[in-house]
Amino acid sequence: MSKDNKIWLSPPHISENEKKYVDEAFEQNWIAPVGPHINRFEDELSKVSQGFDVAVLSSGTAAIHLALVLLGVKNDDCVICSSFTFSASVNPIIYLGASPIFIDSEKDTWNMDPFLLEQAIVNQININKKPKAIVLVHLYGYPSKIAEIISISKKYDIPLIEDAAEALGSKYKNQPLGTFGDIGIFSFNGNKIITTSSGGAILSKNKEFIKKAKFLATQAREDQPHYEHKEIGYNYRMSNVCAAIGLGQLEVLETRVVKRRYIHDFYKNKLSKIESIKFLNDINDFYSNRWLTTIVLEENSKINSEKIRLELQKNNIESRPLWKPMHLQPVFYTYQAFTNGVSEDLFHRGLCLPSGSNMSDQDLNRVVDIIKNLYES
Ligand SMILES: *Cc1c(COP(=O)(O)O)cnc(C)c1O
């Protein structure tokens, strides 16, 4: 590859069989939101998800939306949500006319702080507005403090939605993320660890939930020869063509995870010699797919994260600040937040490095050398 090839943050990485399955779909004329590849993709996803029932959908956002509908979230309800996340975790709460309550992060995993979570719940119960659900995000593929969060969810009897959009292939105590909550969701957007170009999935141990999700995702059409509707539906089903891509991608999920973890270790080996660059440490039992490798610059670092980002950009390399917390987003200013400064601080000091599983060692060295040079000059 030439020195000037663009290095993207997390581009699609297609393997050998995707095209074959898509050709199959074309040959069989299943160019529709029904078809054999959808069924096969759901079966294969189920196999890597504790045998849970799965419905594949048009996006991860659609999956969160349906999860909230299934849990009965309505106008004027409140729903707890991680603050350190992408806006797609929150938007569906607003679609339903409910209000998000944002919970800040703890420092070990950067995910929802169980202490603040409990504080928020108690506070809401005291004003007689018990939250309807918890949307827990595993950011950058790193598992949250699941044991603590589940025990709080059980203690107060509030259902848990696991937003594992970034965490397909991650595990906690050897159990895949997405299978701990009452409902889990994945995303297969173009930038995620595997992609269907655009797409998502909803999964649950509760078969009724998934049956209902499929019904709602196909316009809530009753089982009648004519079109009969008793409920409001959505057009949220995945296309069979996209499912064909997903089938091929799922076959290589494990190798993609191994490669992303290799990329993380590569950066860590080469960059942690620079004292002011810090990485998120590994914790026993927490197995991250390392969707994106993230670094955080020490307060006193002579180079800040924006300087690194601009220097990489000058060299045709894409990097990105960490997610800007939802409680700091203008569109969500008016909603309640339980904060401790952790996600805000991470946002100001952190950076996502290019982490695509199709990066070569040469690409990785290009990124590393640019960062090292900044410190040495
Ligand atoms: C990507 C993402 C989503 C949304 O998934 P889409 O498939 O893009 O709709 C939701 N939550 C998080 C944390 C994400 O990163």
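The buried residues of helix α9 are covered by a set of elements that includes α8 (240–251), β10 (277–279), β11 (286–287), β12 (293–297), β15 (350–353) and α12 (361–376). Keep in mind as we go that this is a predicted model. The buried residues in question are L253, R256, V257, R260, I263, H264, F266, Y267 and L271. An α-helix has 3.6 residues a turn, so residues three or four places apart point the same way. You may like to hold that spacing against the list of buried positions as you turn the helix on screen.

The geometry of α9 can also be checked by simple arithmetic. The helix covers residues 253–271, and at 1.5 Å a residue its 19 residues should span 27 Å; the C-alpha atoms at its ends are 27 Å apart, so expectation and model agree.

One neighbour of this helix is worth a visit in the loop between β15 and α12, where S357 lies. Is S357 buried or exposed? With a relative accessible area of 4%, under the 20% cut-off, S357 counts as buried. Leaving out residues up to four places away in sequence, S357 touches H13, R256, K259, R260 and I263. Of these, R256, R260 and I263 are among the buried residues of α9. With H13 there is a polar contact too, side chain to side chain, at 2.8 Å.

Now step back to the level of domains. The domain assignment gives domain 1 as 17–250 and domain 2 as 253–376. To their contact, domain 1 contributes 47 residues and domain 2 contributes 36 residues. The centres of the two domains, taken over C-alpha atoms, are 25 Å apart. The size of an interface is often given as the accessible area lost when the parts come together. Here domain 1 and domain 2 bury about 3800 Å² between them, with 65% of that area on carbon and sulfur atoms. Which three residues supply the most of what domain 1 buries against domain 2? They are W110, Y140 and Y142, which supply 21% of that area, more than any other three residues.

Strand β11, which we met as part of the cover over α9, also belongs to an open sheet of three strands. The order is β7-β6-β11, and the pairing is antiparallel. β7 (175–176) and β11 are the edge strands, each pairing on one side only. Between β6 (residues 171–172) and β11 there are two bridges in the antiparallel sense, and K171 has Y287 of β11 as its bridge partner.

Strand β8 (residues 183–187) has another setting. Five of its five residues are buried, so β8 is largely enclosed by the rest of the structure. Both faces are covered: I183, I185 and S187 are buried on one side, G184 and F186 on the other. Three bridges pair β8 with β5 (residues 160–163) in the parallel sense, with I161 standing opposite I183. Four bridges join β8 to β9 (residues 200–204), and these two run antiparallel; in β9, L203 is the bridge partner of G184.

L203 also leads us to the last stop, D53, which lies in strand β1 (residues 53–57). Leaving aside neighbours within four places in sequence, D53 is in contact with I202, L203, S204, K207 and I210. The side chains of D53 and K207 are joined by a polar contact of 3.3 Å. D53 counts as partly exposed because its relative accessibility is 23%. Finally, D43 and D53 are 10 residues apart in sequence, and their C-alpha atoms are 8.2 Å apart in space.

How values were computed:
Residues are numbered from 1 along each chain as its sequence is written. This is a predicted model: local features need pLDDT of at least 70, side-chain atom pairs count only at pLDDT 80 or more; totals for chains, interfaces and linings use all residues. Side-chain values use heavy atoms; hydrogens and water are left out. The expected span of a helix is 1.5 Å times one less than its number of residues. Buried means under 20% relative accessible area, exposed over 50%, partly exposed in between (1.4 Å probe, protein chains only). Contact means heavy atoms within 4.5 Å. Two strands pair if DSSP finds at least two bridges between them. A polar contact is a pair of N or O atoms within 3.5 Å; within protein, one must be able to donate a hydrogen and the other to accept it, and residues adjacent in sequence count only if both atoms are side-chain atoms. Domain bounds come from an automatic or database domain assignment. Buried area is the accessible area (1.4 Å probe) that two parts lose on being put together, summed over both.
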